[in-house]
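Let's take a friendly walk through this protein together. Have a look at the sequence and the structure first, and then read on.

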Amino acid sequence: MGHGIAELAAIAGNEVWMNDISTEILQQAMERIKWSLSKLRESGSLKEGVEQVLARIHPETDQAQALKGSDFVIEAVKEDLELKRSIFRNAEAHASPSAVLATNTSSLPISEIASVLKSPQRVVGMHFFNPPVLMPLVEIVRGKDTSDDVVKATAEMAKSMNKETIVVKDVPGFFVNRVLLRIMEAGCYLVEKGIASIQEVDSSAIEELGFPMGVFLLADYTGLDIGYSVWKAVMARGFKAFPCSSTEKLVSQGKLGVKSGSGYYQYPSPGKFVRPTLPSTSKKLGRYLISPAVNEVSYLLREGIVGKDDAEKGCVLGLGLPKGILSYADEIGIDVVVKTLEEMKQTSGMDHYSPDPLLVSMVKEGKLGRKSGQGFHTYAHEESKYSTILVRVEPPLAWIVLNRPTRYNAINGDMIREINQALDSLEEREDVRIIAITGQGRVFSAGADVTEFGSLTPVKAMIASRKFHEVFMKIQFLTKPVIAVINGLALGGGMELALSADFRVASKTAEMGQPEINLGLIPGGGGTQRLSRLSGRKGLELVLTGRRVKAEEAYQLGIVEFLAEPEELESEVRKLASAIAEKSPLAVASAKLAYKLGEETHIWTGTSLEASLFGLLFSTKDFEEGVRAFLERRKPNFRGE
């Protein structure tokens, strides 16, 4: 950390005096800085010559000499309160009287460090993240006496080093580490309560939440001793958490993670990191991993310790998460977060899991996140009401909601016509990239409205069947992916509607079936065709017996692609929709067309279509953007052009 910060200060154009206890340590630091500068120069990130920057760094073993007359001091020694206080006493005595005195501590309170000084207003937290040269965030921590001018000067210094900043008040662990500790605590809770294994927790964190590393793998990577020391420091100052006995045990055994060759995982040798292979897991643990962190951030927001925007920035730039904790909360649902916290409180017996008053009030006010259009963030929420359906647009996702709950969302002629109109309208909207179809209330759809059967002659029945086919074929070959969100019963025509979609996400409490045989009929909305394509000969048994299958069996038969707990159903859909929506809509439409037509024809025709579409996509701006983003190592911004 120390030599990395010195390197950043020198790159920014400052004359830097770098102090440590021996010439040997300083020489090693200079060699590491030279190596790092060389890499930056090779990549084009460093505009000056390596030697020019090195010439601005002056190694010095005499601390008083290094501090003499300096305008900005950054301390980066180990987490020892008295050692830090000693250094700051020297800094106060030898540095410029107006110098900013910054500490890189990750856990010790700024006010405790500053309390021994005559000018505590000059002391500020300037928390870099490892490695400082690469990590984009600096966490600025305001002690109880830190002046506004010092905070401003620290932010300007960080900006000169090309860093983003967040400002937080002085609480144990500050912001980023408190959030990280809550996520780690949740992982320990899941493992030590026997809910999941270490591998399952890490797989869920990566697969379900999109974390760059699993919870326990990250702990190994950063060093279990470091994490444990931060844990102890904040716990000693009133931070309450589920005890992580496994970390304590590993540290006591000298198993410190990658640096020692073993920790939660085994590594080839000390210091050599090889990412372990993690088996995929069907357990949905995301709400457990996120909820304690949401509770923590809610407390910090309510107490004015951090602002909402800084909180989200800290999670993304400090922890490397794909989105902020509050955005995760909105996607999961604030009500689901509260329910999860109450469950964790009951099973652990620990009061700190009590939902924060801010979360409780949000639930009471109906601010549940994306699904209500308002949570920690506000979401575009445009709703159109037809006579039998609702259409809700939340770019890039749009919902078609079957809205005849008193009739179990039975599909009648009006509903078929309105779904058809809605599909046409949504297909033309550039801000909609994914369409989800679900049912109002606890039922997806109980099927065709049997009350209309009495007026049908054989010919009219055939025409009615054809109307179903026209809409369901439109869904199957729509240029935008369609997700059926099966929130309850999906029977007869309701199941056939779901079968026409590209993906089916079902609540674990859902049931589905083709009961037409019980009326002396057969499925009339494509059930005999699409069911066989998904589940083969087993589908025939469902058609001939008319029996219902629960969601788990439907999943095993290949009828359903994703299962979710009822309270996590929308979150699962949004996760799938987000993963697709960030891709090029032109490529998505082409891939869907090639795949769907390929299912209906022989391989020569299918591959010919694939080749034609593949070549056509080379003419798009999206393709140019995708290649450019890949070379620049950034996320592409596809516009559908």
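## A covered helix

This is a predicted model, and a good place to begin is helix α13. Most of α13 is covered, with 15 of its 17 residues buried. The helix runs over residues 286-302.

You can check its length for yourself. At 1.5 Å a residue, α13 should span 24 Å, and its end C-alpha atoms are 24 Å apart, so the expected and computed spans agree. After the helix comes G304, which has a positive phi, near 75 degrees.

## The protein as a whole

Stepping back, the protein has 641 residues, of which 49% count as buried. Its secondary structure includes 27 helices and 18 strands. The C-alpha trace spans about 100 × 55 × 45 Å along its principal axes.

Contacts in this chain often join distant parts of the sequence: among those between residues at least 6 apart, 70% join residues at least 24 apart. On the outside, the protein exposes about 29,600 Å², and 54% of that comes from carbon and sulfur atoms. As for charge, there are 76 positive and 81 negative side chains, and the centres of these two sets lie 2 Å apart.

## Two nonpolar cores

The largest nonpolar core holds 87 residues. Those that touch the most other members are F175, V179, M184, F216, Y264, I325 and F376. Helix α8 (residues 176-192) gives the most to this core, contributing nine residues. Apart from this core lies another, of 44 residues, with I475, A490, A506 and L557 among them.

Y264 is a handy residue to select in your viewer. Beyond its neighbours within four places in sequence, Y264 is in contact with M184 and F216, both of which are also on the list of core residues with the most partners. The other contacts of Y264 are I198, D220, L224, C244, S246, T247 and L250.

## A closer look at S507

Where does S507 sit? Its place is in strand β15, which covers residues 503-507.

Is S507 buried or exposed? Its relative accessibility is 2%, and buried means under 20%, so S507 counts as buried. Setting aside neighbours within four places in sequence, S507 is in contact with I486, N487, A551, A564, P566 and L569.

Methods
Residues are numbered from 1 along each chain as its sequence is written. This is a predicted model: local features need pLDDT of at least 70, side-chain atom pairs count only at pLDDT 80 or more; totals for chains, interfaces and linings use all residues. Side-chain values use heavy atoms; hydrogens and water are left out. Helices (H or I, at least four residues) and strands (E, at least two) are DSSP runs, numbered from the N terminus. Buried means under 20% relative accessible area, exposed over 50%, partly exposed in between (1.4 Å probe, protein chains only). Contact means heavy atoms within 4.5 Å. Accessible areas come from the Shrake-Rupley method with a 1.4 Å probe; for residues, only the protein chains shown count as cover. Lys and Arg count as positive and Asp and Glu as negative; His and the chain ends are not counted. The place of a charge is taken as NZ of Lys, CZ of Arg, CG of Asp or CD of Glu. The expected span of a helix is 1.5 Å times one less than its number of residues. A nonpolar core is a set of buried Ala, Val, Leu, Ile, Met, Phe, Trp, Tyr and Cys residues joined through side-chain atoms within 4.5 Å.
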